[in-house]
Amino acid sequence: MSSPDRILIVEDEQHLAEGLRFNLEAEGYQVRAVETGEAALELLIPETPDAAHPAFDLVVLDVMLPVKDGFTVVSEMRQAGQFVPTLMLTARGRPEDVLDGFAAGADDYLPKPFELSILIARIRGLLRRKQWLRATPPAAGNAKPSAKDSFAFGEKSIHFDLLEVRAGGKVYPLTLMEASILRFLIDHEGKAVSRKSMLQEVWGLREDTDTRAIDNFIVRLRRYVEDDPAHPRHLVTVRGIGYRFVAAPGA
Ligand code: CA
């Protein structure tokens with residue numbers, strides 16, 4: 001049997017953290033819980049990588065934490081090159097939390113209070129997406145042959161197995177969510193993909209979710225894949241619908 005996935009919970013409300021730990025352990029995960037962002041960063045960004053601190057497979061990160069909030073924590077993680085899938089717990093009724101979370105580099109979010117079954121489904125989804133990016137093409141019958149582990153276009157390449165874009169001699173790390181969106185667009189190369197279908201099929205969100213989150217992602221992705229992000233040729237806007245990925249513009 002393979003070793004269990006390791007989950008780090010960052011939550012200052014002790015009874016909630018303990019409840020989560022109990023239930024996630026019952027699901028077969030190995031769980032560690034800490035109460036502050038600082039403690040989480042020490043585990044996730046050790047000064048010297050250490051066998052005593054095996055890597056986590058996923059982080060459940062509360063937004064409302066003392067001193068250093070969840071947005072700051074995920075942003076510092078990403079800046080330090082720590083790209084572990086991260087699910088943020090946000091306050092209900094604050095769509096701006098969702099956008100801020102994605103902008104800071106979160107991979108998914110769940111508003112509090114949440115049903116435990118929903119949290120577990122989201123965790124499974126993120127862990128599965130990690131596998132999906134690394135291995136198999138999607139089952140969708142009408143999708144083009146999948147990009148599999150990497151996809152090259154022009155002088156650039158996207159490495160889904162490593163979660164990075166290589167372009168112009170630089171390497172840009174991707175979050176799981178960024179890689180998932182790129183993968184989805186590339187699987188539908190040349191076709192207009194709606195924001196709604198990205199929200200539903202990539203993130204598993206309902207269609208009434210604020211679609212600006214998608215636009216924020218595209219702005220970031222253009223910095224990696226476009227020579228001139230202000231005049232995109234690969235990640236093209238399709239007015240009134242969404243976006244289209246073009247591998248060879250002008251071909
Ligand atoms: Ca809290």
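Visitor: Helix 8, how many of its residues are buried?
Guide: Helix 8 is mostly covered, with 10 of its 14 residues buried. Buried means under 20% relative accessible area, exposed means over 50%, and partly exposed is in between, using a 1.4 Å probe and protein chains only. This is a predicted model, in which local features need pLDDT of at least 70, side-chain atom pairs count only at pLDDT 80 or more, and totals for chains, interfaces and linings use all residues. Residues are numbered from 1 along each chain as its sequence is written, and side-chain values use heavy atoms, with hydrogens and water left out.

Visitor: OK, which residues of helix 8 are buried?
Guide: They are A213, I214, D215, F217, I218, R220, L221, R222, Y224 and V225.

Visitor: And how far apart are the end C-alpha atoms of helix 8?
Guide: They are 20 Å apart, which agrees with the 20 Å that the 14 residues of helix 8 (212-225) should span at 1.5 Å a residue. The expected span is 1.5 Å times one less than the number of residues. Helices (H or I, at least four residues) and strands (E, at least two) are DSSP runs, numbered from the N terminus.

Visitor: What about helix 6, how many of its residues are buried?
Guide: In helix 6, 12 of the 12 residues are buried, so the rest of the structure largely encloses it. Among the buried ones are the charged-letter positions E178, R183 and D187, along with L176 and F184. Helix 6 (176-187) reaches 16 Å from its first C-alpha to its last, close to the expected 16 Å.

Visitor: Switching topic. Which residues coordinate the calcium ion?
Guide: E11 (OE), D12 (OD), D62 (OD) and M64 (O) coordinate the calcium ion, at 2.1 to 3.0 Å. Donors are N, O and S atoms within 2.8 Å of the metal (3.2 Å for Na, K and Ca), and sites may look incomplete, since water is not among the atoms.

Visitor: How are those donor residues spaced in sequence?
Guide: The spacing is E-D-x49-D-x1-M. E11 and D62 link distant parts of the chain, 51 residues apart: E11 is in the loop between strand 1 (6-10) and helix 1 (14-26), and D62 is in strand 3 (58-62).

Visitor: Are E11 and D62 buried or exposed?
Guide: Both E11 and D62 are buried.

Visitor: You mentioned strand 1. How many of its residues are buried?
Guide: 5 of the 5 residues of strand 1 are buried, so it is largely enclosed by the rest of the structure. R6, L8 and V10 point one way from strand 1, while I7 and I9 point the other way.

Visitor: Which strand runs parallel to strand 1 with 5 bridges?
Guide: That is strand 2 (30-34). I9 has A33 as its bridge partner there. Two strands pair if DSSP finds at least two bridges between them. Strand 1 also pairs with strand 3 in the parallel sense, over 4 bridges. In strand 3, I7 has L58 as its partner, and L8 has V59.

Visitor: So what order do the strands take in that open sheet of 5?
Guide: The order is 2-1-3-4-5, with parallel pairing. Strand 2 and strand 5 (108-112) are the edge strands, each pairing on one side only.

Visitor: Which residues of helix 1 are buried?
Guide: A17, L20 and L24 are the buried ones. They cover an arc of only 65° around the axis, which puts them on the same side of helix 1. The arc is that of the directions from the helix axis to the C-beta atoms. The face turned away from the buried side carries the exposed Q14, H15, F22 and A26. Just after helix 1, G28 takes a positive phi of about 100°.

Visitor: Last one: how is the sheet of 4 strands paired?
Guide: The pairing is antiparallel, in the order 6-7-8-9. Strand 6 (150-153) and strand 9 (170-173) stand at the edges with a single partner strand each, so one side of each is left without a neighbour in the sheet. Strand 7 (156-159) and strand 8 (164-167) pair over 3 bridges, and S157 has R166 as its bridge partner in strand 8.
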